[in-house]
Each structure stands twice: as C-alpha cells, then as structure tokens.
Amino acid sequence: MKLKSVLILGAGALLLLLSLPFLIPMDSYRQGLEQLAREKLQEPVVIGSLHLALLPTPRASVGDISIGRDGEIRIDKVVAVLDVTTLFRPVRVVSQLEVRGAVVKKAAFDTIKRVIAQTNNSSGPAPIAVRHVVISGARLDLEGMKLPTVDAEQQ
C-alpha cells in the first residue's frame, strides 16, 4: 500500500513539473526581456516567443528575435540550457547556448562593435558564464554578395 502511495505522489510531482511551464504567463517576461535587451543594446528589440522547459533539462527558448530599426540582426531561435547547480551562486552557468538561423546585415556591424566595447569596459564578474556555444545556419547578408550559411561550435 505504501509503494502505491509513493508511486502516485511521484507521478503527481512529475506531472506538476511537466505542466508548470505552461502555467506561468510568459508574455510579461517576454516584454521585460525585450526592455532589458533594448537598454543594453541601445537598439529596438522584438522577441516573438519565450518558452521555459524543466525536462529533460531546464532550458529557456527565445524565438523570432529582431534587433535594430530595420531588423539588422534576425535570429530564428536561441536556446539556453541552464546548469541547475549554479542557480543560487553569484555567477550562473549556461551549459549550452544554441543560436539557430541568425542573419546579420552589414548595418549591424556598428552595433556589434559598440556592444563588444561596452562588454570589454564593464567591471566585475559576468553574471552569466557560457560553457558551450553552438551556432547553426548563421549568415551574413551583404548587399551584392551571396554568402553561404555557417555552422560553428565553441567549448
């Protein structure tokens, strides 16, 4: 009888974990993330979707991202797989960051240089550390040039 109760409780807890991301309203978080990105990049940012998942590993997925007045940078999807063991430490760790379908126009180069300069001038430890980056289907959109897509991986 006790085994049956434990199994029922375990199944209920698993069901709760699976359904929890669907119960949290993501629209307000999406708007807050857009605002934060606008402030940091000093450019208009539009985020189409934001999703959280707890299983198989905790992850945040952001889709349909547009940066700049004319969408100088567009990204189909960014997925950040979080390292749960670092959630309560000063520096949180993203064990894997996946960027899919990024398109960067020439007009975005000045923005990218400015953001890199700001990052290099900031003091103190970064609040987030990224261990592994995977980029797939990225391409530069330069007028008059047909460039292939690029896949890259960095650990």
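**Salt bridges, strand pairing and a nonpolar core**

In this predicted model, the side chains of Arg131 and Asp83 come together in a salt bridge, with 2.9 Å from N to O. This pair ties together distant parts of the chain, 48 residues apart: Arg131 sits in the loop between β5 (128-130) and β6 (133-141), while Asp83 sits in the loop between β3 and β4. The two partners can be compared by their burial. Arg131 has a relative accessibility of 48% and is therefore classed as partly exposed, whereas Asp83, with a relative accessible area of 13%, is buried.

A network is also found, in which salt bridges with shared partners join Arg30, Glu34 and Arg38. Glu34 bonds in one direction to Arg30, where the closest N and O atoms are 3.0 Å apart. Why are Glu34 and Arg30 separated by about one helical turn? The reason is that Glu34 and Arg30 are four residues apart in helix α2 (residues 26-41). Glu34 also forms a salt bridge with Arg38, at 3.4 Å from N to O, and here too the partners are four residues apart in helix α2, or about one turn. Burial varies across this little group: Glu34 and Arg30 are both buried, the relative accessible area of Glu34 being 8%, while Arg38 is partly exposed at 31%. In the whole structure, the search finds seven salt bridges.

It helps to place these pairs in the overall fold. The protein chain holds three helices and seven strands, and along the sequence they follow the pattern α-α-β-β-β-β-α-β-β-β. Among contacts with a separation of 6 or more, 47% are between residues 24 or more positions apart.

The strands β1, β2 and β3 can be followed in turn. β1 and β2 are antiparallel and pair over eight bridges, with a hairpin of five residues joining β1 to β2. Within this pairing, Val45 faces Ile67 of β2 as its opposite residue. β2 and β3 likewise run antiparallel, joined by eight bridges, and Gly63 stands opposite Lys77 in β3. The hairpin of β2 and β3 has five residues between the strands, and in this hairpin Gly68 adopts a positive phi near 105 degrees.

Several of these strands also supply the largest nonpolar core. Which of its 15 residues touch the most other members? They are Ile65, Ile67, Ile73 and Ile75. Two or more residues of this core come from each of β1 (45-53), β2 (59-67), β3 (73-82) and β4 (92-105). Ile67 offers a useful place to look at the surroundings: beyond its neighbours within four places in sequence, Ile67 contacts Leu41, Glu43, Pro44, Val45, Glu72 and Ile73. Val45 thus appears twice, as a contact of Ile67 and as the residue opposite Ile67 in the strand pairing.

Turning to the surface, 26% of the 155 residues of the protein chain count as buried. The accessible surface amounts to about 10900 Å², and carbon and sulfur atoms account for 64% of this area. A nonpolar surface patch is made up of Leu82, Val84, Leu87 and Phe88, which together have about 410 Å² of accessible area. Of these, Leu82 belongs to strand β3. Is Leu82 buried, exposed or partly exposed? Leu82 is partly exposed, because its relative accessible area is 32%.

Note on methods. Residues numbered from 1 in each chain as written. Predicted model: local features only at pLDDT ≥ 70, side-chain atom pairs only at ≥ 80, totals over all residues. Heavy atoms only, no water. Core = buried A, V, L, I, M, F, W, Y, C linked by side-chain atoms within 4.5 Å. Buried < 20%, exposed > 50% of the residue type's maximum accessible area, 1.4 Å probe, protein only. Contact = heavy atoms within 4.5 Å. Pairing = 2+ DSSP bridges. Areas by Shrake-Rupley, 256 points an atom, 1.4 Å probe, with all protein chains shown as cover. Patch = residues over 30% accessible without salt bridge, like charges linked within 9 Å, V, L, I, M, F, W, Y side chains within 5 Å. Salt bridge = Lys/Arg side-chain N within 4 Å of Asp/Glu carboxyl O.
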